[in-house]
Amino acid sequence: MPTKDTLTTLFTEATGNTPSEIYELPSSGSNRRYFRLLADAEHKKPGSPDSLIGVLGTSVEENEAFIYLDEHFSSKGLPVPHVVAVSADRMVYLQEDLGDTILFDSIETGRKTRSFSTYERELLVRTIRSLPDIQFLGAVGLDFSKCYPAKEFDIRSIMWDLNYFKYCFLKATGLEFQEDRLEDDFQAMAEVLMRGKSSTFMYRDFQSRNVMLTPDGEPRFIDFQGGRKGPFYYDVASFLWQAKANFPDSLRDELISQYVDALSKYKPVNEEYFREQLRHFVLFRTLQVLGAYGFRGYFEKKPHFMQSVPFAIANLRRLLETPYPEYPYLSSMLRELVNLKQFTDDPANRSLTVRVLSFAYKKGIPNDPTGNGGGFVFDCRAVNNPGKYDRYKGFTGLDPQVIKFLEDDGEITTFLDHVYALVDASVKRYIERGFTNLSVAFGCTGGQHRSVYSAQHLAERINRLFNVKVELLHREQNIEQILMPK
(Lines give C-alpha, C1' and ligand atoms only; values in the text may rest on other atoms or scores of the structure.)
Protein backbone atom coordinates (compact mmCIF):
# COMPACT_ATOMS: atom_id res chain seq x y z
CA MET A 1 0.00 0.00 0.00
CA PRO A 2 1.51 3.40 -0.98
CA THR A 3 2.40 5.77 1.85
CA LYS A 4 3.61 9.31 2.45
CA ASP A 5 7.17 7.93 2.33
CA THR A 6 6.60 7.04 -1.30
CA LEU A 7 5.50 10.62 -1.97
CA THR A 8 8.60 11.98 -0.26
CA THR A 9 10.90 9.74 -2.30
CA LEU A 10 9.13 10.59 -5.55
CA PHE A 11 9.25 14.32 -4.80
CA THR A 12 12.96 14.20 -4.04
CA GLU A 13 13.71 12.25 -7.22
CA ALA A 14 11.62 14.64 -9.34
CA THR A 15 12.84 17.95 -7.90
CA GLY A 16 16.13 17.24 -6.17
CA ASN A 17 14.65 18.61 -2.93
CA THR A 18 13.23 17.03 0.19
CA PRO A 19 9.73 18.37 0.92
CA SER A 20 9.60 20.61 3.98
CA GLU A 21 5.94 19.80 4.60
CA ILE A 22 3.30 17.31 3.42
CA TYR A 23 -0.36 17.70 4.27
CA GLU A 24 -3.47 15.93 3.08
CA LEU A 25 -6.11 17.81 1.10
CA PRO A 26 -9.86 17.36 1.64
CA SER A 27 -11.12 14.10 0.17
CA SER A 28 -13.53 13.85 -2.74
CA GLY A 29 -16.09 11.16 -3.48
CA SER A 30 -13.49 8.61 -4.52
CA ASN A 31 -11.02 6.67 -2.37
CA ARG A 32 -8.08 8.52 -3.94
CA ARG A 33 -6.05 10.63 -1.51
CA TYR A 34 -4.44 13.93 -2.40
CA PHE A 35 -1.51 15.65 -0.67
CA ARG A 36 0.30 18.94 -1.12
CA LEU A 37 4.09 18.68 -0.90
CA LEU A 38 5.94 21.93 -0.22
CA ALA A 39 9.55 22.38 -1.26
CA ASP A 40 12.13 23.49 1.28
CA ALA A 41 12.48 27.14 0.20
CA GLU A 42 15.97 27.48 1.68
CA HIS A 43 17.41 24.60 -0.34
CA LYS A 44 15.14 24.65 -3.40
CA LYS A 45 16.89 24.40 -6.74
CA PRO A 46 16.34 27.31 -9.15
CA GLY A 47 13.46 26.61 -11.50
CA SER A 48 12.05 23.72 -9.46
CA PRO A 49 8.40 23.95 -8.33
CA ASP A 50 7.46 25.42 -4.97
CA SER A 51 4.92 22.64 -4.48
CA LEU A 52 3.39 19.59 -6.14
CA ILE A 53 0.24 17.58 -5.60
CA GLY A 54 0.76 13.95 -4.69
CA VAL A 55 -1.89 11.36 -5.50
CA LEU A 56 -2.21 8.00 -3.77
CA GLY A 57 -4.46 5.85 -5.94
CA THR A 58 -6.17 2.58 -5.16
CA SER A 59 -6.31 1.26 -8.73
CA VAL A 60 -3.38 0.96 -11.13
CA GLU A 61 -5.81 0.97 -14.07
CA GLU A 62 -7.44 4.22 -12.94
CA ASN A 63 -4.04 5.84 -12.40
CA GLU A 64 -2.87 4.70 -15.81
CA ALA A 65 -5.99 6.21 -17.40
CA PHE A 66 -5.37 9.59 -15.80
CA ILE A 67 -1.66 9.60 -16.62
CA TYR A 68 -2.30 8.68 -20.26
CA LEU A 69 -5.13 11.20 -20.70
CA ASP A 70 -3.11 13.93 -19.00
CA GLU A 71 -0.13 13.37 -21.29
CA HIS A 72 -2.40 13.29 -24.35
CA PHE A 73 -4.33 16.44 -23.40
CA SER A 74 -1.12 18.27 -22.56
CA SER A 75 0.24 17.44 -26.02
CA LYS A 76 -2.85 19.15 -27.46
CA GLY A 77 -2.28 22.28 -25.38
CA LEU A 78 -5.37 21.70 -23.26
CA PRO A 79 -5.44 23.30 -19.78
CA VAL A 80 -4.77 20.34 -17.49
CA PRO A 81 -2.24 19.79 -14.67
CA HIS A 82 0.95 18.14 -15.88
CA VAL A 83 2.02 14.84 -14.33
CA VAL A 84 5.69 15.24 -13.41
CA ALA A 85 6.58 11.90 -11.80
CA VAL A 86 5.12 8.41 -11.41
CA SER A 87 6.20 5.65 -9.00
CA ALA A 88 7.47 2.35 -10.36
CA ASP A 89 4.35 0.50 -9.24
CA ARG A 90 2.14 3.20 -10.86
CA MET A 91 0.19 3.61 -7.62
CA VAL A 92 1.52 7.08 -6.80
CA TYR A 93 2.16 10.12 -8.96
CA LEU A 94 2.94 13.79 -8.63
CA GLN A 95 1.21 16.48 -10.64
CA GLU A 96 1.40 20.23 -11.06
CA ASP A 97 -0.13 22.20 -8.19
CA LEU A 98 -2.91 24.40 -9.55
CA GLY A 99 -3.61 26.07 -6.21
CA ASP A 100 -6.78 26.04 -4.14
CA THR A 101 -9.23 28.14 -6.15
CA ILE A 102 -12.02 25.99 -7.56
CA LEU A 103 -14.93 27.24 -9.63
CA PHE A 104 -17.48 25.81 -7.18
CA ASP A 105 -16.19 28.09 -4.42
CA SER A 106 -15.75 31.08 -6.70
CA ILE A 107 -19.45 31.11 -7.58
CA GLU A 108 -20.58 30.47 -4.00
CA THR A 109 -22.53 33.71 -3.63
CA GLY A 110 -24.44 33.04 -6.83
CA ARG A 111 -25.17 29.45 -5.87
CA LYS A 112 -26.63 30.54 -2.55
CA THR A 113 -28.66 33.47 -3.80
CA ARG A 114 -29.40 32.35 -7.39
CA SER A 115 -28.23 35.83 -8.38
CA PHE A 116 -24.92 35.48 -10.19
CA SER A 117 -22.65 38.50 -10.53
CA THR A 118 -21.09 39.57 -13.82
CA TYR A 119 -17.78 38.07 -12.70
CA GLU A 120 -19.36 34.74 -11.73
CA ARG A 121 -21.12 34.58 -15.09
CA GLU A 122 -17.86 35.30 -16.88
CA LEU A 123 -16.18 32.39 -15.10
CA LEU A 124 -19.01 30.06 -16.12
CA VAL A 125 -18.94 31.27 -19.73
CA ARG A 126 -15.17 30.73 -19.97
CA THR A 127 -15.57 27.23 -18.58
CA ILE A 128 -18.45 26.09 -20.79
CA ARG A 129 -16.79 27.53 -23.90
CA SER A 130 -13.64 25.52 -23.14
CA LEU A 131 -15.56 22.25 -22.99
CA PRO A 132 -15.73 21.56 -26.77
CA ASP A 133 -11.93 21.83 -26.94
CA ILE A 134 -11.58 18.95 -24.48
CA GLN A 135 -14.30 16.93 -26.18
CA PHE A 136 -13.23 17.37 -29.81
CA LEU A 137 -9.56 18.40 -29.83
CA GLY A 138 -8.92 16.04 -26.93
CA ALA A 139 -10.37 13.14 -28.94
CA VAL A 140 -7.98 13.59 -31.87
CA GLY A 141 -5.52 10.70 -31.81
CA LEU A 142 -6.82 9.49 -28.44
CA ASP A 143 -6.58 5.74 -27.80
CA PHE A 144 -9.93 5.16 -26.08
CA SER A 145 -8.93 1.60 -25.16
CA LYS A 146 -6.80 3.18 -22.40
CA CYS A 147 -9.86 4.73 -20.72
CA TYR A 148 -11.07 3.28 -17.43
CA PRO A 149 -13.36 1.60 -16.39
CA ALA A 150 -14.91 1.60 -19.89
CA LYS A 151 -13.65 2.81 -23.24
CA GLU A 152 -17.02 3.97 -24.51
CA PHE A 153 -20.43 5.21 -23.41
CA ASP A 154 -22.70 2.51 -24.83
CA ILE A 155 -25.96 0.68 -24.14
CA ARG A 156 -24.35 -1.46 -21.48
CA SER A 157 -22.85 1.48 -19.56
CA ILE A 158 -26.19 3.30 -19.77
CA MET A 159 -27.96 0.34 -18.23
CA TRP A 160 -25.29 0.10 -15.52
CA ASP A 161 -26.00 3.69 -14.48
CA LEU A 162 -29.77 3.31 -14.62
CA ASN A 163 -29.61 0.19 -12.49
CA TYR A 164 -27.22 2.01 -10.16
CA PHE A 165 -30.08 4.47 -9.61
CA LYS A 166 -32.61 1.66 -9.20
CA TYR A 167 -30.70 -0.44 -6.69
CA CYS A 168 -28.73 2.18 -4.76
CA PHE A 169 -31.33 4.92 -4.54
CA LEU A 170 -34.82 3.97 -5.65
CA LYS A 171 -35.07 0.77 -3.63
CA ALA A 172 -33.57 2.51 -0.59
CA THR A 173 -36.50 4.96 -0.54
CA GLY A 174 -39.00 2.12 -0.05
CA LEU A 175 -41.07 3.17 -3.07
CA GLU A 176 -42.78 0.19 -4.70
CA PHE A 177 -42.56 -0.14 -8.49
CA GLN A 178 -42.96 -2.66 -11.30
CA GLU A 179 -39.47 -3.66 -12.25
CA ASP A 180 -40.29 -5.03 -15.71
CA ARG A 181 -42.07 -1.83 -16.80
CA LEU A 182 -39.24 0.24 -15.40
CA GLU A 183 -36.70 -1.82 -17.35
CA ASP A 184 -38.72 -1.27 -20.55
CA ASP A 185 -38.43 2.48 -20.11
CA PHE A 186 -34.75 2.18 -19.21
CA GLN A 187 -34.24 0.42 -22.54
CA ALA A 188 -36.19 3.15 -24.33
CA MET A 189 -34.03 5.81 -22.67
CA ALA A 190 -30.84 4.01 -23.71
CA GLU A 191 -32.01 4.04 -27.34
CA VAL A 192 -32.80 7.77 -27.20
CA LEU A 193 -29.43 8.58 -25.64
CA MET A 194 -27.57 6.62 -28.26
CA ARG A 195 -29.02 8.92 -30.93
CA GLY A 196 -26.41 11.40 -29.67
CA LYS A 197 -23.50 9.02 -30.24
CA SER A 198 -20.27 10.73 -31.34
CA SER A 199 -16.55 10.01 -31.44
CA THR A 200 -15.74 12.68 -28.89
CA PHE A 201 -14.19 12.58 -25.42
CA MET A 202 -16.86 12.47 -22.72
CA TYR A 203 -15.40 13.93 -19.52
CA ARG A 204 -18.19 12.24 -17.51
CA ASP A 205 -17.65 14.20 -14.27
CA PHE A 206 -17.54 17.68 -15.74
CA GLN A 207 -18.68 19.87 -12.84
CA SER A 208 -17.56 23.01 -11.06
CA ARG A 209 -15.69 21.11 -8.32
CA ASN A 210 -13.39 19.74 -11.03
CA VAL A 211 -12.50 23.13 -12.48
CA MET A 212 -9.53 25.01 -11.00
CA LEU A 213 -9.04 28.70 -11.69
CA THR A 214 -5.80 30.53 -12.37
CA PRO A 215 -5.29 33.92 -10.66
CA ASP A 216 -6.71 35.65 -13.76
CA GLY A 217 -9.79 33.41 -13.78
CA GLU A 218 -8.84 30.98 -16.57
CA PRO A 219 -10.18 27.42 -16.09
CA ARG A 220 -7.94 24.37 -15.68
CA PHE A 221 -9.47 20.89 -15.64
CA ILE A 222 -8.87 17.97 -13.25
CA ASP A 223 -10.28 14.53 -12.37
CA PHE A 224 -11.03 13.36 -15.91
CA GLN A 225 -9.77 9.81 -15.30
CA GLY A 226 -13.30 8.37 -15.71
CA GLY A 227 -13.70 9.82 -19.20
CA ARG A 228 -14.34 7.78 -22.33
CA LYS A 229 -15.65 8.04 -25.87
CA GLY A 230 -19.18 9.37 -25.72
CA PRO A 231 -21.75 12.02 -26.66
CA PHE A 232 -20.94 15.65 -25.90
CA TYR A 233 -24.44 16.26 -24.49
CA TYR A 234 -23.56 14.35 -21.32
CA ASP A 235 -20.96 16.84 -20.09
CA VAL A 236 -23.24 19.82 -20.70
CA ALA A 237 -25.95 18.13 -18.62
CA SER A 238 -23.44 17.25 -15.91
CA PHE A 239 -22.15 20.82 -15.64
CA LEU A 240 -25.37 22.82 -15.89
CA TRP A 241 -27.52 20.53 -13.74
CA GLN A 242 -24.97 19.79 -11.03
CA ALA A 243 -27.08 19.27 -7.89
CA LYS A 244 -25.74 22.23 -5.89
CA ALA A 245 -25.02 24.56 -8.81
CA ASN A 246 -28.43 26.19 -8.33
CA PHE A 247 -28.37 27.91 -11.73
CA PRO A 248 -31.53 29.83 -12.64
CA ASP A 249 -33.13 28.82 -15.95
CA SER A 250 -32.08 32.09 -17.60
CA LEU A 251 -28.42 31.45 -16.80
CA ARG A 252 -28.64 27.85 -18.03
CA ASP A 253 -30.14 29.09 -21.30
CA GLU A 254 -27.34 31.60 -21.70
CA LEU A 255 -24.66 28.99 -21.01
CA ILE A 256 -26.23 26.49 -23.41
CA SER A 257 -26.13 29.14 -26.15
CA GLN A 258 -22.50 29.89 -25.30
CA TYR A 259 -21.64 26.19 -25.51
CA VAL A 260 -23.45 25.77 -28.85
CA ASP A 261 -21.59 28.77 -30.24
CA ALA A 262 -18.23 27.33 -29.13
CA LEU A 263 -19.26 23.90 -30.44
CA SER A 264 -19.89 25.31 -33.91
CA LYS A 265 -16.10 25.60 -34.33
CA TYR A 266 -16.03 21.81 -34.59
CA LYS A 267 -19.40 20.87 -36.11
CA PRO A 268 -22.61 22.48 -37.39
CA VAL A 269 -25.31 22.53 -34.71
CA ASN A 270 -29.09 22.80 -34.84
CA GLU A 271 -29.67 24.46 -31.47
CA GLU A 272 -33.34 23.44 -31.27
CA TYR A 273 -32.46 19.77 -31.76
CA PHE A 274 -29.50 20.13 -29.41
CA ARG A 275 -31.71 21.40 -26.59
CA GLU A 276 -34.30 18.66 -27.13
CA GLN A 277 -31.69 15.91 -27.05
CA LEU A 278 -29.99 17.53 -24.07
CA ARG A 279 -33.20 17.13 -22.00
CA HIS A 280 -32.84 13.36 -22.11
CA PHE A 281 -29.22 13.51 -20.97
CA VAL A 282 -30.20 15.81 -18.12
CA LEU A 283 -32.77 13.29 -16.90
CA PHE A 284 -30.31 10.43 -17.29
CA ARG A 285 -27.50 12.29 -15.51
CA THR A 286 -29.85 13.23 -12.65
CA LEU A 287 -30.77 9.58 -12.13
CA GLN A 288 -27.12 8.53 -12.29
CA VAL A 289 -26.19 11.18 -9.71
CA LEU A 290 -28.97 10.04 -7.38
CA GLY A 291 -27.61 6.51 -7.65
CA ALA A 292 -24.17 7.77 -6.64
CA TYR A 293 -25.63 9.80 -3.77
CA GLY A 294 -27.58 6.78 -2.61
CA PHE A 295 -24.53 4.52 -2.62
CA ARG A 296 -22.18 7.04 -1.00
CA GLY A 297 -24.82 8.28 1.43
CA TYR A 298 -27.17 5.41 2.33
CA PHE A 299 -24.55 2.66 2.17
CA GLU A 300 -21.17 4.33 2.81
CA LYS A 301 -22.73 6.78 5.31
CA LYS A 302 -20.94 9.84 3.88
CA PRO A 303 -22.97 12.89 4.97
CA HIS A 304 -21.83 15.15 2.12
CA PHE A 305 -23.73 13.01 -0.36
CA MET A 306 -26.88 12.78 1.72
CA GLN A 307 -26.91 16.58 1.96
CA SER A 308 -26.90 16.76 -1.85
CA VAL A 309 -29.93 14.49 -2.32
CA PRO A 310 -32.59 17.21 -1.78
CA PHE A 311 -30.95 19.41 -4.41
CA ALA A 312 -30.93 16.60 -6.98
CA ILE A 313 -34.56 15.80 -6.15
CA ALA A 314 -35.41 19.48 -6.67
CA ASN A 315 -33.72 19.32 -10.10
CA LEU A 316 -35.71 16.19 -10.93
CA ARG A 317 -38.97 17.78 -9.83
CA ARG A 318 -38.42 20.72 -12.17
CA LEU A 319 -37.43 18.44 -15.05
CA LEU A 320 -40.70 16.54 -14.76
CA GLU A 321 -42.69 19.74 -15.27
CA THR A 322 -42.11 19.13 -19.00
CA PRO A 323 -43.34 15.64 -19.97
CA TYR A 324 -41.11 12.84 -21.20
CA PRO A 325 -43.64 10.87 -23.30
CA GLU A 326 -40.91 8.43 -24.35
CA TYR A 327 -40.82 7.02 -20.80
CA PRO A 328 -44.41 6.90 -19.49
CA TYR A 329 -43.92 4.47 -16.60
CA LEU A 330 -40.58 5.94 -15.52
CA SER A 331 -42.11 9.42 -15.53
CA SER A 332 -45.06 8.28 -13.42
CA MET A 333 -42.80 6.53 -10.95
CA LEU A 334 -40.45 9.54 -10.70
CA ARG A 335 -43.40 11.81 -9.90
CA GLU A 336 -44.26 9.50 -7.03
CA LEU A 337 -40.63 9.59 -5.94
CA VAL A 338 -40.31 13.38 -5.77
CA ASN A 339 -43.58 13.56 -3.82
CA LEU A 340 -42.45 11.15 -1.12
CA LYS A 341 -42.67 12.76 2.30
CA GLN A 342 -38.90 12.79 2.80
CA PHE A 343 -38.43 14.80 -0.41
CA THR A 344 -41.35 17.22 -0.44
CA ASP A 345 -39.39 19.92 1.38
CA ASP A 346 -37.74 21.54 -1.65
CA PRO A 347 -34.44 23.18 -0.58
CA ALA A 348 -34.99 25.88 -3.19
CA ASN A 349 -38.03 27.01 -1.22
CA ARG A 350 -36.29 27.00 2.14
CA SER A 351 -34.43 29.96 3.54
CA LEU A 352 -32.60 30.57 6.76
CA THR A 353 -33.83 32.95 9.45
CA VAL A 354 -31.32 33.86 12.15
CA ARG A 355 -32.75 35.01 15.49
CA VAL A 356 -30.36 37.23 17.46
CA LEU A 357 -31.14 38.29 21.02
CA SER A 358 -29.69 40.25 23.91
CA PHE A 359 -30.77 39.44 27.48
CA ALA A 360 -29.97 39.76 31.18
CA TYR A 361 -28.78 36.59 32.86
CA LYS A 362 -30.66 37.48 36.05
CA LYS A 363 -33.89 37.16 34.05
CA GLY A 364 -32.98 33.84 32.48
CA ILE A 365 -31.74 32.58 29.11
CA PRO A 366 -34.39 33.10 26.38
CA ASN A 367 -36.36 30.14 25.07
CA ASP A 368 -36.10 29.12 21.42
CA PRO A 369 -39.63 29.54 19.95
CA THR A 370 -38.76 27.58 16.78
CA GLY A 371 -38.63 24.32 18.72
CA ASN A 372 -35.14 23.46 17.48
CA GLY A 373 -33.68 23.92 20.95
CA GLY A 374 -30.25 24.75 19.60
CA GLY A 375 -28.01 27.63 18.67
CA PHE A 376 -25.46 29.69 20.54
CA VAL A 377 -25.56 31.50 23.89
CA PHE A 378 -22.59 33.80 24.50
CA ASP A 379 -21.73 35.26 27.91
CA CYS A 380 -20.54 38.87 27.59
CA ARG A 381 -19.89 39.38 31.29
CA ALA A 382 -16.11 38.96 30.99
CA VAL A 383 -16.01 42.12 28.87
CA ASN A 384 -15.40 45.42 30.69
CA ASN A 385 -18.83 46.73 31.75
CA PRO A 386 -19.75 50.38 31.01
CA GLY A 387 -22.74 49.93 33.32
CA LYS A 388 -20.52 50.26 36.39
CA TYR A 389 -20.01 53.93 35.52
CA ASP A 390 -22.84 56.33 36.36
CA ARG A 391 -22.44 58.34 33.16
CA TYR A 392 -23.38 55.27 31.04
CA LYS A 393 -26.25 53.92 33.14
CA GLY A 394 -28.89 55.80 31.16
CA PHE A 395 -27.65 54.53 27.81
CA THR A 396 -27.64 51.18 25.97
CA GLY A 397 -25.26 49.41 23.62
CA LEU A 398 -27.00 51.23 20.75
CA ASP A 399 -25.94 54.67 21.92
CA PRO A 400 -22.72 56.29 20.62
CA GLN A 401 -21.38 56.97 24.11
CA VAL A 402 -21.47 53.28 25.02
CA ILE A 403 -20.27 52.17 21.58
CA LYS A 404 -17.22 54.44 21.90
CA PHE A 405 -16.46 53.17 25.42
CA LEU A 406 -16.60 49.53 24.36
CA GLU A 407 -14.59 49.98 21.17
CA ASP A 408 -11.94 52.18 22.78
CA ASP A 409 -11.59 49.58 25.54
CA GLY A 410 -11.18 46.88 22.86
CA GLU A 411 -12.21 43.80 24.84
CA ILE A 412 -15.54 43.51 23.04
CA THR A 413 -13.84 43.60 19.64
CA THR A 414 -11.66 40.62 20.52
CA PHE A 415 -14.65 38.82 22.01
CA LEU A 416 -16.75 39.35 18.87
CA ASP A 417 -13.96 38.23 16.55
CA HIS A 418 -14.20 34.80 18.19
CA VAL A 419 -18.01 34.89 18.04
CA TYR A 420 -17.97 35.80 14.34
CA ALA A 421 -15.70 32.87 13.47
CA LEU A 422 -18.09 30.40 15.11
CA VAL A 423 -21.37 31.89 13.95
CA ASP A 424 -20.25 32.63 10.37
CA ALA A 425 -19.25 28.98 9.90
CA SER A 426 -22.61 27.78 11.23
CA VAL A 427 -24.65 30.20 9.10
CA LYS A 428 -22.75 29.05 6.02
CA ARG A 429 -23.40 25.37 6.76
CA TYR A 430 -27.04 25.97 7.70
CA ILE A 431 -27.61 27.63 4.34
CA GLU A 432 -25.88 24.80 2.48
CA ARG A 433 -27.90 22.16 4.30
CA GLY A 434 -31.23 23.94 3.87
CA PHE A 435 -31.83 24.56 7.59
CA THR A 436 -34.38 27.24 8.37
CA ASN A 437 -33.61 28.52 11.88
CA LEU A 438 -30.57 29.48 13.93
CA SER A 439 -30.62 31.22 17.30
CA VAL A 440 -27.79 33.34 18.73
CA ALA A 441 -28.17 35.00 22.14
CA PHE A 442 -25.89 37.34 24.06
CA GLY A 443 -26.23 37.72 27.81
CA CYS A 444 -24.77 40.23 30.23
CA THR A 445 -25.63 41.43 33.72
CA GLY A 446 -28.49 43.76 32.84
CA GLY A 447 -29.10 43.10 29.16
CA GLN A 448 -28.40 46.78 28.45
CA HIS A 449 -24.85 47.49 27.26
CA ARG A 450 -22.51 44.67 26.24
CA SER A 451 -25.13 42.16 25.12
CA VAL A 452 -27.05 44.83 23.18
CA TYR A 453 -23.90 46.02 21.41
CA SER A 454 -22.92 42.43 20.55
CA ALA A 455 -26.36 41.36 19.31
CA GLN A 456 -26.77 44.47 17.15
CA HIS A 457 -23.37 44.10 15.52
CA LEU A 458 -23.77 40.39 14.86
CA ALA A 459 -27.26 40.82 13.40
CA GLU A 460 -26.12 43.51 10.98
CA ARG A 461 -23.07 41.46 9.99
CA ILE A 462 -25.04 38.29 9.22
CA ASN A 463 -27.62 40.18 7.20
CA ARG A 464 -24.90 41.95 5.23
CA LEU A 465 -22.58 38.98 4.62
CA PHE A 466 -25.11 36.21 4.01
CA ASN A 467 -28.16 38.15 2.81
CA VAL A 468 -30.53 36.24 5.08
CA LYS A 469 -33.44 37.36 7.23
CA VAL A 470 -32.43 38.29 10.78
CA GLU A 471 -34.90 38.74 13.62
CA LEU A 472 -33.26 40.94 16.25
CA LEU A 473 -34.65 41.21 19.78
CA HIS A 474 -33.18 43.23 22.63
CA ARG A 475 -35.35 41.58 25.25
CA GLU A 476 -34.73 43.78 28.25
CA GLN A 477 -34.97 46.95 26.15
CA ASN A 478 -38.20 45.82 24.48
CA ILE A 479 -36.72 46.57 21.05
CA GLU A 480 -37.45 44.38 18.01
CA GLN A 481 -36.06 44.75 14.50
CA ILE A 482 -36.28 42.62 11.37
CA LEU A 483 -33.43 42.81 8.87
CA MET A 484 -34.65 41.49 5.53
CA PRO A 485 -32.45 40.01 2.78
CA LYS A 486 -31.88 42.36 -0.12
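Let's start inside the protein, where the count comes to 1 cavity of 30 Å³ or more. Keep in mind that this is a predicted model. The largest cavity has a volume of about 40 Å³, and its walls are made by Trp-241, Ala-243, Arg-285, Thr-286, Val-289, Ala-312 and Asn-315. Two helices, α10 and α11, each give two or more residues to that lining, with α10 providing the largest share at 3 residues. What sort of side chains face the space, by class? The lining of the largest cavity has 4 nonpolar, 2 polar and 1 charged residues.

Now for an open site. The second largest pocket comes out at about 410 Å³. Its lining takes in 14 residues, and those that lie nearest the centre are Trp-241, Asp-249, Arg-279, Leu-319 and Thr-322. You have met Trp-241 already, as part of the cavity lining. Helices α10 (271-299) and α11 (303-319) turn up again here: together with α9 (249-263), each supplies at least two residues of the pocket lining. As for chemistry, the lining of this pocket divides into 5 nonpolar, 2 polar and 7 charged residues.

On to how some of the helices pack. Take α6 (residues 155-173) and α12 (residues 328-338), whose axes come within 11 Å and cross at roughly 50 degrees. An angle of 65 to 115 degrees would count as roughly perpendicular and one under 35 degrees as roughly parallel, so α6 and α12 are oblique to each other. Their crossing is left-handed. From α6, the contact uses Phe-165, Phe-169, Leu-170 and Thr-173, while α12 brings Met-333, Leu-334 and Leu-337. Sort those residues by class and you get 6 nonpolar, 1 polar and no charged ones.

Further along the chain, α14 (residues 411-432) packs with α15 (residues 450-466) at an angle of about 40 degrees, and their axes are 10 Å apart. These two are therefore oblique to each other as well. What about the hand of the crossing, left or right? Here α14 passes α15 in a right-handed crossing, whereas the α6 and α12 crossing is left-handed.

The contact list for this pair takes a moment to read. On the α14 side you'll find Ile-412, Phe-415, Leu-416, Val-419, Tyr-420, Val-423, Asp-424, Val-427, Lys-428 and Ile-431. Facing them from α15 are Arg-450, Tyr-453, Ser-454, His-457, Leu-458, Arg-461, Ile-462, Leu-465 and Phe-466. The contact divides into 13 nonpolar, 2 polar and 4 charged residues, while the α6 contact with α12 has no charged residues.

Finally, have a look at a couple of backbone details in the loops. Which peptide bond is cis? The bond from Tyr-148 to Pro-149 is, with omega near 5 degrees. Pro-149 sits in the loop between α5 (118-136) and α6, and α6 is the helix we saw crossing α12. The other detail is Arg-114, which has a positive phi of about 60 degrees although it is not a glycine. You'll find Arg-114 in the loop between α4 (108-113) and α5.

Terms used: Residues numbered from 1 in each chain as written. Predicted model: local features only at pLDDT ≥ 70, side-chain atom pairs only at ≥ 80, totals over all residues. Heavy atoms only, no water. 1 Å grid on protein atoms, 1.4 Å probe; cavity = no way out; pocket = protein on both sides within 12 Å on 5 of 7 lines; lining within 4 Å. Points joined across faces, edges and corners; volume = space filled by probe spheres on them. Helix = DSSP H or I, 4+ residues; strand = E, 2+ residues; numbered from the N terminus. Nonpolar A, V, L, I, M, F, W, Y, C, P; charged D, E, K, R; others polar. Axes fitted to C-alpha atoms, helices over the stretch in contact; angles between N-to-C directions. Parallel < 35°, antiparallel > 145°, perpendicular 65-115°, else oblique. Left-handed = near helix turned anticlockwise from the far one by under 90°. Contact = heavy atoms within 4.5 Å.
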